[in-house]
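Reader: I'd like to learn how to read a fold from its coordinates. Can we walk through one together?

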Amino acid sequence: MTHSSGTDVREYKAVLGHFCTGVTVVTSIDRGAPAGFTCQSFSALSLDPPLVLVCVRKESATWPAVRRSGRFAVSVLAAHQQAVGDRFARSGVDRFAGVAWRPSPAGMPLIDGALAWIECAVSEEIDAGDHTVVVAAVTALEAGTARDPLLFYRGRYLEHERREAVTR
């Protein structure tokens with residue numbers, strides 16, 4: 001399949017898959033219930049003021065719940081949390097079933113055992129192709145005790161042994 005830009009979709013995904021990313025879970029509370037989704041498109045944006053960005057698929061069924069809240073938390077997953085990343089990437093399941101979490105200072109769900117968490121308030125949404133770029137102000141953050149991140153590389157999670165070989 002080729003897009004209007006002339007870029008082949010498979011080639012685009014294969015080439016950009018060579019950029020290793022961390023894995024996060026974006027969470028919020030909507031109408032008293034937790035909501036969340038797995039997100040690889042997360043990044044620091046600004047130091048002054050402290051801003052982050054999250055890129056969300058326009059067809060996301062979960063983003064509208066997060067948007068209504070106006071606040072969200074980002075849990076940066078640790079290497080041992082692949083099952084959590086998988087769970088929050090699925091549709092049609094209770095993503096929080098069996099997943100331990102606690103509230104952030106503003107009440108957003110924080111995934112237990114995460115490498116770090118960042119609490120945010122939505123500042124701006126920017127239309128960008130098939131995604132929405134969300135700019136958010138950081139309101140609180142903390143590093144956890146886990147040491148190794150969960151990484152995604154070339155379409156799959158990077159196993160610990162393979163990660164060591166790639167980073168040498």
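Reader: Let's start inside. Which residues have the most contacts inside the largest nonpolar core?

Author: Keep in mind that this is a predicted model. A nonpolar core here is a set of buried nonpolar residues joined through side-chain atoms within 4.5 Å. The largest one has 18 residues, and V26, F37, W63 and F72 have the most contacts inside it.

Reader: And which elements each supply at least two residues of this core?

Author: The strands β3, β5 (51-57), β6 (71-76), β9 and β10 do, and so does helix α2 (63-69). Apart from that core lies another, of 10 residues, with L77, F88, F96 and V99 among them.

Reader: Okay, on to the sheets. What is the strand order in the open sheet of seven strands?

Author: First the general idea: strands of a sheet pair through backbone hydrogen bonds, either parallel or antiparallel. In this case the order reads β3-β2-β6-β9-β10-β5-β4, and the pairing is antiparallel.

Reader: Why do β3 and β4 each have one side without a neighbour in the sheet?

Author: Because β3 (33-39) and β4 (42-46) stand at the edges, and each has a single partner strand. As for twist, neighbouring strands of this sheet are turned by 35° against each other on average, ignoring direction.

Reader: Which helix packs on the sheet?

Author: That's α3, residues 82-89, which touches β2 (24-30) and β3. The direction of α3 makes about 110° with that of β3.

Reader: Now some pairing details. Over how many bridges do β9 and β10 pair?

Author: Strand β9 (residues 116-128) and strand β10 (residues 131-143) pair over 12 bridges, in the antiparallel sense. To check the register, take A128: its bridge partner in β10 is H131. The hairpin has two residues between these strands, and G129 takes a positive phi near 60°.

Reader: What about the other pairing of β9, the one with β6: over how many bridges does it run?

Author: β6 and β9 pair over six bridges, again antiparallel. F72 has C120 as its bridge partner in β9. You met F72 before, as one of the residues with the most contacts inside the largest core.

Reader: Which strands form the open sheet of three?

Author: The order there is β1-β11-β12, with antiparallel pairing. Both β1 (21-22) and β12 (156-157) are edge strands with a single partner, so one side of each is left without a neighbour in the sheet. Strand β11 (residues 151-153) pairs with β12 over two bridges, and F152 stands opposite Y157 in β12.

Reader: Let's zoom out. How does the radius of gyration of the chain agree with that of a compact globule?

Author: The idea is to compare with what a compact globule of 168 residues would have, near 15 Å; the chain has 16 Å, which agrees. The C-alpha atoms fill a box of roughly 45 × 40 × 40 Å along the principal axes. In total, the chain has four helices and 12 strands.

Reader: How much of the chain counts as buried?

Author: With buried meaning under 20% relative accessible area, 39% of the 168 residues qualify. The accessible surface comes to about 9,600 Å², and 54% of that belongs to carbon and sulfur atoms.

Reader: Last one: what share of the contacts between residues at least 6 apart in sequence join residues at least 24 apart?

Author: It's 62% in this chain.

Methods:
Residues numbered from 1 in each chain as written. Predicted model: local features only at pLDDT ≥ 70, side-chain atom pairs only at ≥ 80, totals over all residues. Heavy atoms only, no water. Pairing = 2+ DSSP bridges. Axes fitted to C-alpha atoms, helices over the stretch in contact; angles between N-to-C directions. Contact = heavy atoms within 4.5 Å. Rg over C-alpha atoms; globule rule 2.2 N^0.38 Å. Buried < 20%, exposed > 50% of the residue type's maximum accessible area, 1.4 Å probe, protein only. Areas by Shrake-Rupley, 256 points an atom, 1.4 Å probe, with all protein chains shown as cover.
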